[in-house]
Amino acid sequence: DPSLKGEYLVIGAHYDHLGYGGPTSLKTTGGKPQIHNGADDNASGIAAIIELATKISASPLKRSVIFAAFSGEEMGLLGSAHFVNNPPVGLEKMIAMINLDMVGRMKKNELTVFGTSSAESFTEMIDSLDIADTLAITKASDAYGPSDHASFVTKDIPVLMFFTGIHEDYHKPSDDWDKINYSGMVWAVDFIHKTADAIS
């Protein structure tokens with residue numbers, strides 16, 4: 001849009017995980033170190049932003065979109081902190097940030113959205129989108145938390161983080177591809193796409 005293209009929506013996800021484990025691994029058995037593939041945490045988020053980029057490039061939004069894949073999230077939000085301290089465009093041009101962290105294990109059609117209080121319009125917007133969908137949306141007003149959206153909160157940028165829930169494979173080698181709910185991911189991505197379009 002000629003009058004809105006100078007404003008940006010950031011859609012991000014972290015692509016790092018734990019490698020062979022390390023101090024934040026929750027692996028309980030002994031033996032030699034095992035690769036932690038992180039299929040849900042957070043290959044699911046990266047797959048989701050690739051799909052969103054495909055959808056949005058085919059039918060652009062009114063505002064511009066920056067897709068960002070962050071590293072160093074598991075070590076303390078290093079990539080997203082670097083991004084907001086060295087932004088590709090002025091922070092004042094970033095109207096919102098959508099973070100996708102663990103969107104691959106949907107159960108009972110449930111999707112949690114964090115940060116709904118970070119912008120005045122977010123709660124009403126999510127409610128209106130939910131009416132047109134059959135997902136069970138849980139809204140969490142808190143915009144802080146141990147994921148990359150927190151780096152944007154510190155710069156007073158409104159955020160939404162999408163999440164399908166914690167599970168017993170979190171930070172374990174068993175977080176692997178065969179446990180991903182692929183149809184649930186499609187459902188989540190469709191809802192997030194509608195959210196991005198509404199923000200735009």
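## Arg-63 and its polar contacts

In this predicted model, the backbone oxygen of Ile-199 lies 3.3 Å from a polar atom of the Arg-63 side chain, and the side chain of Arg-63 also makes a polar contact with the side chain of Glu-7, at 2.5 Å. Arg-63 itself is found in the loop between helix H1 and strand E2 (64-70).

Although charged, Arg-63 counts as buried because its relative accessibility is 19%, and the cut-off for buried is under 20%. When neighbours within four places in sequence are left aside, the residues in contact with Arg-63 are Leu-4, Glu-7, Ile-95, Ile-199 and Ser-200.

## The nonpolar cores

Ile-199, whose backbone oxygen faces the Arg-63 side chain at 3.3 Å, is also one of the residues that touch the most other members of the largest nonpolar core, a set of 31 residues. The others in that group are Ile-11, Ile-98, Leu-100, Leu-160, Phe-162 and Phe-191. Two or more residues of this core come from each of strand E1 (8-14), helix H1 (39-58), strand E3 (94-100), strand E4 (110-114), helix H3 (122-131), strand E6 (159-163) and helix H5 (182-199), and H5 gives the most, with six residues.

Leaving aside neighbours within four places in sequence, Phe-191 is in contact with Leu-111, Ile-126, Leu-129, Asp-130, Asp-133, Leu-135, Ile-137 and Phe-162. A second, separate core has 14 residues, among them Val-10, Ile-66, Ala-68 and Phe-83.

## The largest pocket

The largest pocket holds about 330 Å³ of space, and of the 19 residues that line this pocket, Glu-73, Asp-101, Pro-146, Ser-147 and Tyr-170 are the closest to its centre. Sorted by class, the lining has nine nonpolar, six polar and four charged residues.

## Ser-151 in helix H4

Ser-151 lies in helix H4, which spans residues 149-153, and it is buried, with a relative accessible area of 6%. The side chain of Ser-151 reaches the backbone nitrogen of Ala-81 at 3.4 Å. Not counting residues up to four places away in sequence, Ser-151 touches Ala-81 together with Leu-77, Ser-80 and Val-84.

## Exposed positions and distances

Glu-120 is placed in the loop between E4 and H3, and with a relative accessible area of 85% this residue is exposed. Measuring from C-alpha to C-alpha is the basis for the separation of Glu-120 and Ala-69, which are 27 Å apart in space and 51 residues apart in sequence.

Ser-183, in helix H5, likewise counts as exposed, at 57% relative accessibility. Ser-183 and Arg-105 are 78 residues apart in sequence, while their C-alpha atoms are 9.8 Å apart in space.

## Backbone features to inspect

The peptide bond from Asp-41 to Asn-42 is cis, with omega near 10°, and Asn-42 belongs to helix H1.

Two residues in the loop between E3 and E4 have a positive phi although neither is a glycine: Met-102, at about 65°, and Lys-108, at about 55°. With respect to solvent accessibility, Met-102 is buried, with a relative accessible area of 4%, whereas Lys-108 counts as exposed at 74%.

Technical notes: Residues numbered from 1 in each chain as written. Predicted model: local features only at pLDDT ≥ 70, side-chain atom pairs only at ≥ 80, totals over all residues. Heavy atoms only, no water. Core = buried A, V, L, I, M, F, W, Y, C linked by side-chain atoms within 4.5 Å. Buried < 20%, exposed > 50% of the residue type's maximum accessible area, 1.4 Å probe, protein only. Helix = DSSP H or I, 4+ residues; strand = E, 2+ residues; numbered from the N terminus. Contact = heavy atoms within 4.5 Å. 1 Å grid on protein atoms, 1.4 Å probe; cavity = no way out; pocket = protein on both sides within 12 Å on 5 of 7 lines; lining within 4 Å. Points joined across faces, edges and corners; volume = space filled by probe spheres on them. Polar contact = N/O pair within 3.5 Å; in protein donor to acceptor, adjacent residues only side chain to side chain.
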